[in-house]
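Work through these exercises with the model open beside you. Each task is followed by a solution in steps.

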Amino acid sequence: MNHGPLLFLAAFFALASSWCGFVLAPQLQVGQMQQTNTLSGGATYPVARPGEAQQGLQVYRANGCASCHSQQVRQSGTVCDVVLTEAGTNQAALIPALVTLKCGTIPTQAEQRAAATAKDKPPARLQEFSEPGARDLLAHLPQPVRQGLTREEANADVKALTAAGAKASIWIVPVGPDISRGWGRRRTVAEDFLFDYPVMPGVQRVGPDLANVGLRLPDASWHLRHLYAPRLYEKGSTMPPYRFLFEKRKIGKEPSPEALALPAEFAPEAGLEIVPKQAAKALAAYLTSLRADAPLFVAPLVAASPTTAAATNAPGASEPVSTHAVPTTAPTK
Amino acid sequence: MPATPESAEPRAGPAAVPIVLLVLPFLILYWGMIYFDRNSGWFSQEVYAPYYSVAELTLYQPPTGGLDLARGKAVYETICALCHNNDGMGKPNQAPAFVGSEWVLGSPNRMIRIPLVGLAGPVKVKDQEWNLAMPNMGAALSDDDLAAVLTYIRVSWGNKASVITPAQVKAVKKEIGNRTQPWSASELLAVP
């Protein structure tokens, strides 16, 4: 050991630098994180999960759900949509403005879905307005008229439409493959996990992402049936049935109100019923409590209604579907 | 037999480090700096991908259009809600409701005047007679706070009226000047 001190120092610096990078830096970044306010309405976010859902987190952990399901929605960008909210009184000026801005009708979600599933058809496109089209649009406000713009372009468009006497607002729309699948409306941020211990962001995606599963599947009894027999809902599901979370027992005087309503294929023998144990109920409560879609400063979006209709559970269904939804509150008055 | 001198043990002499190994760490460091500069938001906890900086994030905040409902709500709940209730429904024999009230949905100039010096005496709200005195609850508020809270009242709980701007509040304050005497309903109705 001619170079003992040198070796010690080298080892010390190697370990200390990785400790700084992996422990100290994250602690300085998010260690002091507190509840924040949502953008629309300023409600406190996040709020702690109800007690049963907190127990469910431990069931989720104990059964290794996180090894097949992530809770991380990724986002690749943010775009702006211009929405015409009020036509104003000067149609003679507004219609030429709409035509020169190349505004158009944006295909509805149903149209986009149909186009994405039909392989030979071209994808649904923005239909630019001609004059009668623009007139027709003014009868059905509010309407998105331009899509996928940068903030500067959107501001310029709003300015042009305002100059023509109309009122227009801007939607902030996060985009990305996960969001197209309907797995969320914005990316997952550290705030979403503030009250979870341990945090379960998951390691791989064998099954669908669960960050917003409570939003697309808000029914706890659905989750119970699905845990008992995943193939009830998805024919080729590779998810193992978690039947040990349920009790098969004889029906007493009356069937239990908690007993699962199963179709004949999965139903138990006559005279028996399937009743969820406490762990299954807690897990279902946890799953229905999973929703991370509040608009925050760190992950802005314009308040829109939940995209339940657009959501899909299948990880392979990566159709290029935009998740535009009708906003419940217009951001400008 | 004359022993040939044993060859000395091999020794490592000085050897030059290839120049490329000296340059490489600096190149990696340079690339790392550029990477952090582009992607880290300088370790701000507020910046997540796909955003690069707080400035870019600010660009994508939804336009409020002078509508700061969070601020209005905070002011409302500390000052107005004591009598008018959190849901704007008022309290019997204490304060009338804001929801659907013609005083709230009507002229902004009338509405701004009420919290500035108060309102006393008989007043008819939604076909109900009230005869109470409201103190000048808004006199101590800044223009911004008063505009935010009045706007909050005008657009919440199903109310749909125009936004009140700080400029409007300022103009009204100038018009009423030093008055401290509470309004009567008839005085307010004379205001356009």
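**Exercise 1. Cis bonds and an unusual phi**

In which loop of chain A does P198(A) lie?

Solution. This is a predicted model. Start at P198(A): the residue lies in the loop between α7 and α8 of chain A. Next, check the bond before P198(A). A cis peptide bond joins Y197(A) to P198(A), with omega at about -5 degrees.

Now turn to chain B. The bond from A49(B) to P50(B) is cis, and omega is near 5 degrees. P50(B) sits in the loop between α1 (19–39) and α2 (54–59) of chain B.

Finish with a backbone angle. K126(B) is not a glycine, yet its phi is positive, near 50 degrees. Find K126(B) in the loop between β1 (119–125) and β2 (128–134) of chain B.

**Exercise 2. A salt bridge across the sequence**

Find the partner of D196(A) in a salt bridge, and say which parts the pair ties together.

Solution. Step one: look at the side chains. D196(A) meets R49(A) in a salt bridge, at 2.9 Å from N to O. Step two: place both residues. D196(A) is in the loop between α7 (177–180) and α8 (213–216) of chain A, and R49(A) is in the loop between β2 (44–45) and α2 (51–62) of chain A, so the pair ties together parts that are 147 residues apart in sequence. Step three: take the total. Over all chains, the count comes to 15 salt bridges.

**Exercise 3. The interface of chains A and B**

Describe the contact between chain A and chain B by residues, area and polar links.

Solution. Begin with the residues: chain A gives 28 and chain B gives 24. Then take the area. About 2300 Å² is buried between chain A and chain B, and carbon and sulfur atoms give 61% of that.

Now count the links. There are zero salt bridges between chain A and chain B. Nine residue pairs are in polar contact between the two chains, with both residues at pLDDT 80 or more.

Next, ask which elements of chain A take part. Those that give two or more residues to the side touching chain B are α1 (4–30), β3 (77–86), α6 (151–163) and β7 (167–175) of chain A. The largest share, three residues, comes from β3(A). Last, sort that side of chain A by class: 15 nonpolar, eight polar and five charged residues.

**Exercise 4. A helix pair in chain B**

Describe how α5(B) and α7(B) pack, and name the residues in contact.

Solution. Two numbers come first: the angle between the axes and the distance between them. Helix α5 (residues 108–117) and helix α7 (residues 166–176) of chain B pack at about 65 degrees, with axes 10 Å apart. The crossing of α5(B) and α7(B) is right-handed.

Then list the contact:
- From α5(B): P108(B), N109(B), I112(B), R113(B), L116(B) and V117(B).
- From α7(B): Q168(B), V169(B), V172(B), K173(B), E175(B) and I176(B).

By class, the contact of α5(B) with α7(B) has seven nonpolar, two polar and three charged residues.

How values were computed: Residues numbered from 1 in each chain as written. Chains lettered and ligands numbered in written order. Predicted model: local features only at pLDDT ≥ 70, side-chain atom pairs only at ≥ 80, totals over all residues. Heavy atoms only, no water. Contact = heavy atoms within 4.5 Å. Buried area = accessible area lost by both parts, 1.4 Å probe. Salt bridge = Lys/Arg side-chain N within 4 Å of Asp/Glu carboxyl O. Polar contact = N/O pair within 3.5 Å; in protein donor to acceptor, adjacent residues only side chain to side chain. Helix = DSSP H or I, 4+ residues; strand = E, 2+ residues; numbered from the N terminus. Nonpolar A, V, L, I, M, F, W, Y, C, P; charged D, E, K, R; others polar. Axes fitted to C-alpha atoms, helices over the stretch in contact; angles between N-to-C directions. Left-handed = near helix turned anticlockwise from the far one by under 90°.
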